[in-house]
Amino acid sequence: MMLAQPDETFRVPSSPNLTHPKPWQLGRRFALTTEMVGKRFIEVLKVVVNLLALVWAVAFIAASPRSWTPLTRMVFARQLLFTAVDGLLVAIRISAAVGVLVIVQSAMWLDAVGATTDGISPVLWKAVIHEIAPLIASLVVVGRSGIAISTELATMLVSGELEVLESQGVDPMTTMIMPRVLSMTLSVFCLAIVVATTMLVMGYMVGWLMGVIHTPWSMFLESLLRESNLLDFAFFVPKTIIAGAFAGAICCADGLTVRGTMSDVSRVASRSGIHAMTAVFGISAILSILIYNRILVFQIL
């Protein structure tokens, strides 16, 4: 019995419709793909430039004492109360859970191999201060207040309330946008400090009660502070400020882009939350690369 040759058995039948693309067709496809990528890049670049202009305008208006009218101060105080004070318990609950997960799990692994918690102090300190605390604070602020701000501004725009304010001589940029962006920026910075403290304290307490952390609190705190330096705080402050400012600017800008009826408000609000969270992660990664040339403890190059 003769076996068929593989090339004869699995030969693909030729078809007159299957022809190889010609060089000019490949060139046209490459040109179309390049054009599409270029247009998308220009659109993203325009969005980034508009956000930078909005953040700069907020900082410029906030620096002028004449901008702080009684109405502006009232809006800023209410927004800061809703974002930072009312969101404090939410930030503490989330950071306590994350702190227990990160610190206790790390201590259990080190305890299993016979090492002490001193070995994880540098990683814990840098991970909490550089990345986790700013991220958790930004996500809490965006999820709790950013989407609400976008919904409020979109509702005011659709219902014509912003036009009424402008007709009365009230500048929406000074009284509606500037205090909200500024309050979100300060809230991210303050909540990040609370998140970092809660993570370290709760992680140590639960780990000590479970018996996986054996060092006293004073030695644990001393090992963490021994790893700190001025560059850590120089990284923590601009990272929380920039992330909070861009998150607030995105939520306000998206809320003012609504077109149509009241039914489009929810769609714009959910989109602004996604845009703000994406920006927070992107800014965190970019700053990590620019300052430390790494993301968390991973060397980039």
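# Notebook: helix contacts, pockets and a cavity

I began where α2 touches α7. Leu 54, Ala 57, Val 58, Ile 61 and Ala 62 of α2 contact Met 173, Thr 174, Ile 177, Met 178, Val 181 and Leu 182 of α7. I sorted these residues by class and got 10 nonpolar, 1 polar and no charged. This is a predicted model, so I treat each entry as a reading of a prediction.

**Entry: geometry of α2 and α7**

I looked up the angle and the distance, because two packed helices are described by the angle between their axes and the distance between the axes. For α2 and α7 the angle is about 105°, and the axes are 10 Å apart. The two helices are therefore roughly perpendicular to each other.

**Entry: α2 against α9**

Next I took α2, residues 23-62, with α9, residues 230-255. Their axes come within 10 Å. The crossing is at roughly 105°. That makes α2 roughly perpendicular to α9, because angles of 65 to 115 degrees fall in that class.

Which residues of α2 meet α9? I found Leu 51, Leu 52, Leu 54 and Val 55 on the α2 side. On the α9 side I found Ala 245, Phe 246, Ala 249, Ile 250 and Ala 253. By class the contact holds 9 nonpolar residues, with no polar and no charged ones. I noted Leu 54 of α2 in this contact, and Leu 54 is also listed in the contact with α7.

**Entry: α7 against α8**

I then turned to α7, residues 172-210, and α8, residues 217-226. The axes come within 11 Å and cross at roughly 140°. That makes α7 oblique to α8. The crossing of α7 past α8 is right-handed.

I listed the contact residues too. Leu 200, Val 201 and Tyr 204 are the α7 side. Trp 217, Phe 220 and Leu 224 are the α8 side. The contact divides into 6 nonpolar, no polar and no charged residues.

**Entry: the largest pocket**

I moved on to open space. The largest pocket has a volume of about 710 Å³. I counted 20 lining residues. Which of them lie nearest the pocket's centre? They are Val 47, Val 48, Leu 51, Ile 250 and Ala 279. Leu 51 and Ile 250 appear in the α2 and α9 contact as well.

I checked which elements supply the lining. α2, α9 and α10 each give at least two residues. α10 gives the most, with 8 residues. By class I have 12 nonpolar, 4 polar and 4 charged residues in this lining.

**Entry: the second largest pocket**

The second largest pocket holds about 240 Å³ of space. Its lining is 15 residues. Nearest its centre lie Trp 125, Ile 129, Ala 196, Thr 197 and Leu 200. I recognised Leu 200 from the contact of α7 with α8.

Which elements each supply at least two residues of this lining? I noted α5, α7, α8 and α9. α7 gives the most, with 6 residues. The class split is 14 nonpolar, 1 polar and no charged.

**Entry: the cavity**

Last, I looked for enclosed space. How many cavities of 30 Å³ or more are there? The count comes to 1. The volume of the largest cavity is about 40 Å³.

I wrote down the lining of the largest cavity in full: Glu 131, Pro 134, Leu 135, Ser 138, Lys 239, Ala 243, Val 280 and Ser 284. The elements that give two or more of these residues are α5 (121-158), α9 and α10 (264-292). α5 gives the most, with 4 residues. By class the cavity lining has 4 nonpolar, 2 polar and 2 charged residues.

**Entry: cross-check by helix**

I reread my notes helix by helix. α9 meets α2. α9 also supplies lining to the largest pocket, to the second largest pocket and to the largest cavity. α10 supplies lining to the largest pocket and to the largest cavity. α5 supplies lining to the second largest pocket and to the largest cavity.

Notes:
Residues numbered from 1 in each chain as written. Predicted model: local features only at pLDDT ≥ 70, side-chain atom pairs only at ≥ 80, totals over all residues. Heavy atoms only, no water. Axes fitted to C-alpha atoms, helices over the stretch in contact; angles between N-to-C directions. Parallel < 35°, antiparallel > 145°, perpendicular 65-115°, else oblique. Left-handed = near helix turned anticlockwise from the far one by under 90°. Contact = heavy atoms within 4.5 Å. Nonpolar A, V, L, I, M, F, W, Y, C, P; charged D, E, K, R; others polar. 1 Å grid on protein atoms, 1.4 Å probe; cavity = no way out; pocket = protein on both sides within 12 Å on 5 of 7 lines; lining within 4 Å. Points joined across faces, edges and corners; volume = space filled by probe spheres on them.
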